[in-house]
Amino acid sequence: MPAKLERASPLGTACAALWANTPGRLAYALRLTLVCCVSGLIGLWFEIPDPALIVYLGLFLNRRDRTSGLLLAVVMQLFITALVFALVPVTALLIDVPFWRTVAMAVLSFGLMFLGSASKLRPFAASMALITAYVLDLLGSLPASELATRGLLYALLFVGVPAGVSVLADLLIAPAPRRLAGELLARALGSAADLLVAPGDADRARFDALRHQTALDTPKLLKLAKLEGALAPGAAAAYGAAAAATVRILAAVDLIDRCPDAALREALAAALAPTLRAMAAILAGGGYPIGIDAPWWPSEVPADLAPALATVTDAITGFATTPAPPPTSGHAEKAGFFVPDAFTNPAHAEYAVKVTIGAMLCYLLFALWDWPGIHTAMITCYIVGLGTAAETIEKLSLRIAGCLVGAALGLATLVYVLPAITTITGILLVVAAGMFLASWVAAGDARISYAGFQLGFAFLLCTLQGHGPEFDLSVSRDRVLGVLLGTGISYLLFTRLWPVSMAGTIDPAIARLVVLLHRAASAAGDARAALVVQAMAAATAIRRSIALAAFEPGRLRPSDPWIDARRDLLVRIGKLESPLLLAQPGAEAALETLARDADALATAPAPQSEKAVSLPPPTPPAVA
């Protein structure tokens, strides 16, 4: 019977991710809390309008490593500066003419969201569109050109204060990418030793997760380390070689763990585990091991394991000295600013139209109703709109959950805590408590982190209404109603107007993955390893797509047997990754069988007649 991936409950997965104390999570959450509190102190002390937004952007403008955080803070500050200086000359036209202000908002929204789907601006475009819409809406609420100009300059501070605090925090206390890369390699080698010594389901799951994380994340971290100039050329080559060697070692451990001979497996574990632990200790201490003695293997080793053990010997003895680049890509070509199908695939424009229609509809509703308190509806449309219906609904679910929890905590604080507070220090202590809880969730697994941003946002809107303690409960009510309104409109648009189902993306992605595996099988050396790493990244993305299918509405969701068949296929692909990387005998034959099964699945009837089959635009990343 083929092995099946267990169908985990989304709620159970979210609860497990909520409490998991993963390495570095507490330190990251404390750093986010510190940035938010310092940003709030500056906003309250100098009485900058909308201090809640300043504190919230402190939560958003940070990343785990210092280089990514610095880049994000600088890019967002440059963008808001350019936007403000571009709007100052046309302020007189836009402030008193709602028609042209709305037209400008819609045109800029469409353009930025199109770029977010079809260009390299994907990580920033949705946030840029949100800020642009917010600033243009701000113009409409100011009564005169002079005040409008002052409001635009305040908009610089909205981003400038948290961006400046974030830059200082990144430079002073954020971990360097090189350090994170070394710690990741150390954890991976340590988990390999644990799996060899005491195999179990939990150790196996941890090993598999770290094996994929090492292959996919270490090259990115080393690239960031080179970008910030933290690695000398010799050290950069050494860490690159160590990353490549670790990937091979983990692949060999994967094969050793599957060895059916228990006595041989124990002998191999006794020979290899101490060496791996010693290497992990050196990496965790900030260095990299060199001149390592090869393990003493048993005298008699099966022919099918001999190539893997030889690979381990070579990888260990030349761990950080072989001048090999990290396995990031095979024959990758330099990409342009736009994706290849930017102007031929209508899905990019359709995506931009859906987000813009939702945002403009919300804007018109709260403008016509003269109810500015629900402006969070427009913000919601920019935040939750993603490429497929499943991704959008998942984001909506996280936003609603985070918003309701944050609003409940904020209302409780507003009623029971704030009446006893009369100083800035007291307010900051309240902010620190709420933002630590939000930061803990935001620093967690990617499947729940967005709920943390929304928890923090709702909490701040309730508790930080001005420059001192204020107790207007209608503010909390309006913000929550705005989120629910934007959520409902986005749901209708992304499930009814050009709906894109995950089912239309999975089979083409599997076909591309099989082609990638064939290329890996025909390559050798570093090129082979690079292509297998690409395949691992593609398989991880497909697993994510299959998991997201549970969020789709019934008319779009694929059937359970359809999903299970592709889950089983991915299990087989996962078991083939290590043999292919190490060029094990029989790997090519297994790949041919797998390719035939994948073709059979792709040619089977579609699970639902209404399902969209066109590929969606590339999914923009989560924005805060």
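Colleague: Is aspartate 370 buried or exposed?

Modeller: This is a predicted model, and in it aspartate 370 sits in the loop between helix 14 and helix 15. Its phi is positive, about 55°, although the residue is not a glycine. The cut-off for exposure is over 50% relative accessible area. With a relative accessible area of 67%, aspartate 370 is exposed.

Colleague: How are helix 14 and helix 15 oriented to each other?

Modeller: Helix 14 covers residues 346–368 and helix 15 covers residues 376–384. Their axes are 8 Å apart and the packing angle is about 175°. Angles over 145 degrees count as roughly antiparallel. The two helices, helix 14 and helix 15, are therefore roughly antiparallel.

Colleague: How many nonpolar, polar and charged residues are in the contact of helix 14 with helix 15?

Modeller: On the helix 14 side the residues are Val355, Gly358, Ala359, Met360, Cys362, Tyr363 and Phe366. They meet Ala377, Met378, Cys381 and Tyr382 in helix 15. By class, the contact of helix 14 with helix 15 has ten nonpolar, one polar and no charged residues.

Colleague: Cys362 and Cys381 both appear in that contact. How many disulfides does the structure hold?

Modeller: A disulfide needs two cysteine sulfur atoms within 2.5 Å. The cysteine sulfur closest to that of cysteine 381 belongs to cysteine 362, at 3.7 Å, which is too far for a bond. Cysteine 381 is buried, at a relative accessible area of 1%, and cysteine 259 is buried too, at 13%. The number of disulfides in the structure is zero.

Colleague: Which residues does threonine 380 touch, beyond those up to four places away in sequence?

Modeller: Threonine 380 lies in helix 15. Its relative accessibility is 0%, so threonine 380 counts as buried. Setting aside residues up to four places away in sequence, threonine 380 touches Arg399, Gly482, Val483, Gly486 and Thr487.

Colleague: Which residues are in contact with methionine 536, leaving aside neighbours within four places in sequence?

Modeller: Methionine 536 belongs to helix 21, residues 525–548, and counts as buried at 3% relative accessibility. Arginine 211 is 325 residues away along the chain, yet the C-alpha atoms of methionine 536 and arginine 211 are separated by 9.9 Å. With neighbours within four places left out, the contacts of methionine 536 are Arg211, His212, Ala215, Leu216 and Glu577.

Colleague: How many of the 25 residues of helix 11 are buried?

Modeller: Helix 11 runs over residues 233–257, and its end C-alpha atoms are 36 Å apart, in agreement with the 36 Å that 25 residues should span. Helix 11 is largely enclosed by the rest of the structure, because its buried residues number 22 of the 25.

Colleague: What is the phi of glutamate 47, after helix 2?

Modeller: Helix 2, residues 25–45, reaches 30 Å from its first C-alpha to its last, close to the 30 Å expected. Glutamate 47 is found in the loop between helix 2 and helix 3 and counts as exposed at 52% relative accessibility. Most residues other than glycine have a negative phi. Glutamate 47 is a residue other than glycine with a positive phi, near 55°.

Colleague: What share of the chain's contacts with a separation of 6 or more comes from residues 24 or more positions apart?

Modeller: The chain has 23 helices and zero strands. Of its 624 residues, 53% count as buried. Among contacts with a separation of 6 or more, the share from residues 24 or more positions apart is 81%.

Definitions and conventions: Residues numbered from 1 in each chain as written. Predicted model: local features only at pLDDT ≥ 70, side-chain atom pairs only at ≥ 80, totals over all residues. Heavy atoms only, no water. Buried < 20%, exposed > 50% of the residue type's maximum accessible area, 1.4 Å probe, protein only. Axes fitted to C-alpha atoms, helices over the stretch in contact; angles between N-to-C directions. Helix = DSSP H or I, 4+ residues; strand = E, 2+ residues; numbered from the N terminus. Parallel < 35°, antiparallel > 145°, perpendicular 65-115°, else oblique. Contact = heavy atoms within 4.5 Å. Nonpolar A, V, L, I, M, F, W, Y, C, P; charged D, E, K, R; others polar. Expected span 1.5 Å × (residues − 1).
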